[in-house]
Amino acid sequence: MHSADLLRTHGDGIASGKPGVGRAHGKLILLGEHAVVYGAPALVVPVPQLTATATATRLPAAGTGPDRIALAMAGPGSVTPLATDGMLHLVTEFEKRAGLTVRVDLFIESTILPGRGLGSSAACARAAALALADAYGQELSAAEVYELVQLSERVAHGRASGIDAVATGAVSPLVFRDGIAQKVPGGAAEHPHAAFVIADSGVRGSTKDAVQLLTSRFARDAELRDLFVTGVTDLTTGALRDLEHGDLAGFGRRLTENHGLLRELGISTGHIDSLVEAALTAGSLGAKITGGGLGGCMVALAADTAAAEAIAGSLRAAGATRTWMVPATNGGVRAEPTNGSK
Ligand code: MEV
């Protein structure tokens, strides 16, 4: 059971009509976070095991008061006020686009820990947009859902490339660049048992602070920004070539190199660096921080499931608070906890 983290409740009205439901899931960035904000390509896989489900219950008599939107969230960690603000913006924008005034109870249940770089805020926003559309009988195009999620993400994260908004609704690995997502061609077919291990450092990160940190650094040093973006672009394009050629070891090395670039910019933490080291020592083909950083999670590539179990054990021994396993070959559409945790 998750602890309920009740942010606001005003649900004093009587439900009207069938509740709308929306679903989204977590994501795992393999290469390119932060650089994607500046136009580099990034590689991301969906993590469907980690879910966000929103239920929108229409209440009778649309009102105009501040209590017409009741928002409650339940999940494994407390949600930031910024994420909540983002969600309220989303509802207001939904109203504007649909030409409606809503009075709604919006309940979001998520298994995605916030502040771990796994797409919690975008998944909650996506689930909420879909639930609202369902409750009010509105057809939203994929582009409209994306725009609503992005609006919420900009409040939660500041600058947002859009990668989380897309990946939290994706069913296969994607390369994301300049707002455009493309399916990853091919895959590691020669390595049917390869897997990614995700490990939680147990420390909440902040995408907003990390994005702001880089904005300030790059404003002072444009050359540093260009070096970073070029370096990551080379790594991501090289990694896609590795996948095509079935070169898992090469792909792994690029993950570790990407970690080095993010660490140099101050995006990693000492604890995450030590988890990366622990994974490599335990036989991982490559490891790095994932997502916004300044805490959160890291990811390690394992050649097969036995190696993944061993790496996950080493990561927990090195202080990871939980681990998950995402098969690398089927687009991450199946993910299993490696320590029985949610
Ligand atoms: C956050 O999951 C990924 C970042 O690159 C921010 C973004 O692309 O919006 C850090």
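This report walks through the pocket, the ligand and a cavity in a predicted model.

A few ground rules come with that: residues are numbered from 1 along each chain as its sequence is written, and side-chain values use heavy atoms, with hydrogens and water left out. Local features need pLDDT of at least 70 and side-chain atom pairs count only at pLDDT 80 or more, while totals for chains, interfaces and linings use all residues.

**The largest pocket**

Let's start with the open space. A pocket here is an open set of points on a 1 Å grid over the protein atoms alone, with protein on both sides within 12 Å along at least five of seven lines; lining residues have an atom within 4 Å of a point. The largest pocket holds about 610 Å³, a volume being the space filled by probe spheres set on the points, which are joined across faces, edges and corners. Its lining runs to 45 residues, and S121, H157, D164, T207 and K208 are the ones nearest the centre. Two or more lining residues come from each of β2 (20-31), α1, α2 (120-135), α3, α4 (163-167) and α5 (207-220). Helices (H or I, at least four residues) and strands (E, at least two) are DSSP runs, numbered from the N terminus. α3 has the largest share of this lining, at four residues.

**The ligand**

Where does the ligand sit? It's in the largest pocket, meaning that more than half of its atoms lie within 2 Å of the pocket's grid points. Around the ligand you'll find K27, I29, E33, H34, V36, V37, A160, S161, I163, D164 and G292, each with a heavy atom within 4 Å of it. β2 and α4 are the elements that give two or more residues to this shell.

Three polar contacts (pairs of N or O atoms within 3.5 Å) involve oxygen atoms of the ligand:

| Residue | Part of residue | Distance to a ligand oxygen |
|---|---|---|
| K27 | side chain | 2.7 Å |
| H34 | backbone | 2.8 Å |
| D164 | side chain | 2.9 Å |

On its own the ligand exposes 300 Å², and the protein buries 98% of that; these areas come from the Shrake-Rupley method with a 1.4 Å probe.

**The second largest cavity**

A cavity is a set of grid points where a 1.4 Å probe fits but cannot get out. There are two of 30 Å³ or more, and the second largest has about 30 Å³ of space. A83, M87, S121, S152, E153 and A156 line this second largest cavity. α1 (81-98) and α3 (142-157) each supply at least two of those residues, with α3 giving the most, three. S121 turns up here and also among the residues nearest the centre of the largest pocket.

Notes
A polar contact is a pair of N or O atoms within 3.5 Å; within protein, one must be able to donate a hydrogen and the other to accept it, and residues adjacent in sequence count only if both atoms are side-chain atoms.
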